[in-house]
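Reader: I should like a close look at the nonpolar interior of this protein. Would you please describe it in one connected account?

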Amino acid sequence: MIGTLSVSAATYFHWNDKFKEEHHVTPEIEKKLTESNTAKEINQFTEHDGVRFEAVQSVADNTAAIIVIKIYGSEQFPLRKRMNFRNIDIKMDGMDTFSANAGFLESDSSDAQPDDICEDGLTYELILVKNEEENLLGKEIKLTFTDIIDSYQEKQTLTELPPLLASTWELDIVLDNEDTGKEYEVNQQITGTEAKINKIRMSPVSFTIDYDWKRQMKTETSIGLDGEESTFEHAVNPPELMGVVLEDGTVLEHITNWSNGKYTNDDFTQYQAVGTFSQFIEYEKVKELIFYVEGEIGMEAEKVHVPVTKQ
């Protein structure tokens, strides 16, 4: 059974409370993202075998999308905190490469008891980030949830146990949000590094940074299970954005998640990094970017501030 919930004619909708708590959403940010259609209500649901899935809202731009799904049990099959899904399949129309991160916002703590019933349901968050040029918005997303399992028991026993409920639930969602992000010139070197920031594109949801960054390889040492020492090489990424400073002096740190990066020219001298904000920001008020720059071994990373040019 797949259906559509009744749609209110009002512009505003009730944001999921657990989602607001997770992302530190202030009333001002909630109002701004709702009015700009960066945040939209979703009214899709599917229900059978005593379990109901409701896609309730999204916050998205062309680069990244966060989808919130509320999941309810019933007397027939009550949900418990130790439960999870055997598999979640995500298909996006017209897009083959994207990264996804998903999970319950309610804590999956080890002290959860088998009989702890979630009478108010569980909140599931899905974060999608594109890995190619095509935009996320307007794409049809098909989500397929398969089998409910006791994830805690499986982790404890390191065994795949029979599912608590063998079934499949599907949701079809189209992201009709609006991208309000903007691109800003930076043209600044990150002090103490060979990285230069050319420009950054920001929205309340995501960021894309274009660097001058020549490919570098670093040799590391590892110890195998047999105790033997070996070496390996890996590519060094440019310094990662970790926070911002707003025009009023507010410092927001540890609010970014690096999703993916790639070289954009054949000479491997230009690099583009894509990530999401874990706390929605008023990007128009950003005056400085904060990067972590690694120092010598044993020394703490240094915070380097890079100004943003506004036009």
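Author: The account below begins with the interior and ends with a residue that touches part of it. The model is predicted, so that local features need pLDDT of at least 70 and side-chain atom pairs count only at pLDDT 80 or more, whereas totals for chains, interfaces and linings use all residues. Residues are numbered from 1 along each chain as its sequence is written, and side-chain values use heavy atoms, with hydrogens and water left out.

A nonpolar core is a set of buried Ala, Val, Leu, Ile, Met, Phe, Trp, Tyr and Cys residues joined through side-chain atoms within 4.5 Å; buried means under 20% relative accessible area, with a 1.4 Å probe and protein chains only. The largest such core has 33 residues, of which Phe53, Ile67, Ile69, Leu143 and Ile148 touch the most other members. Among the elements that give two or more residues to this core are strand 3 (51-60), strand 4 (64-72) and strand 8 (140-150); strands are DSSP runs of E, at least two residues, numbered from the N terminus.

Contact means heavy atoms within 4.5 Å. Not counting residues up to four places away in sequence, Ile148 touches ten residues' worth of neighbours including Val51, Phe77, Phe85, Leu165 and Trp169.

A second, separate core of 28 residues includes Val186, Trp213, Leu241 and Val293. Leu241 is also touched by Thr256, a residue of strand 17 (residues 256-263). Thr256 counts as buried because its relative accessibility is 15%. A polar atom of the Thr256 side chain lies 2.6 Å from the backbone oxygen of Leu241.

Note on methods:
Buried means under 20% relative accessible area, exposed over 50%, partly exposed in between (1.4 Å probe, protein chains only). Helices (H or I, at least four residues) and strands (E, at least two) are DSSP runs, numbered from the N terminus. A polar contact is a pair of N or O atoms within 3.5 Å; within protein, one must be able to donate a hydrogen and the other to accept it, and residues adjacent in sequence count only if both atoms are side-chain atoms.
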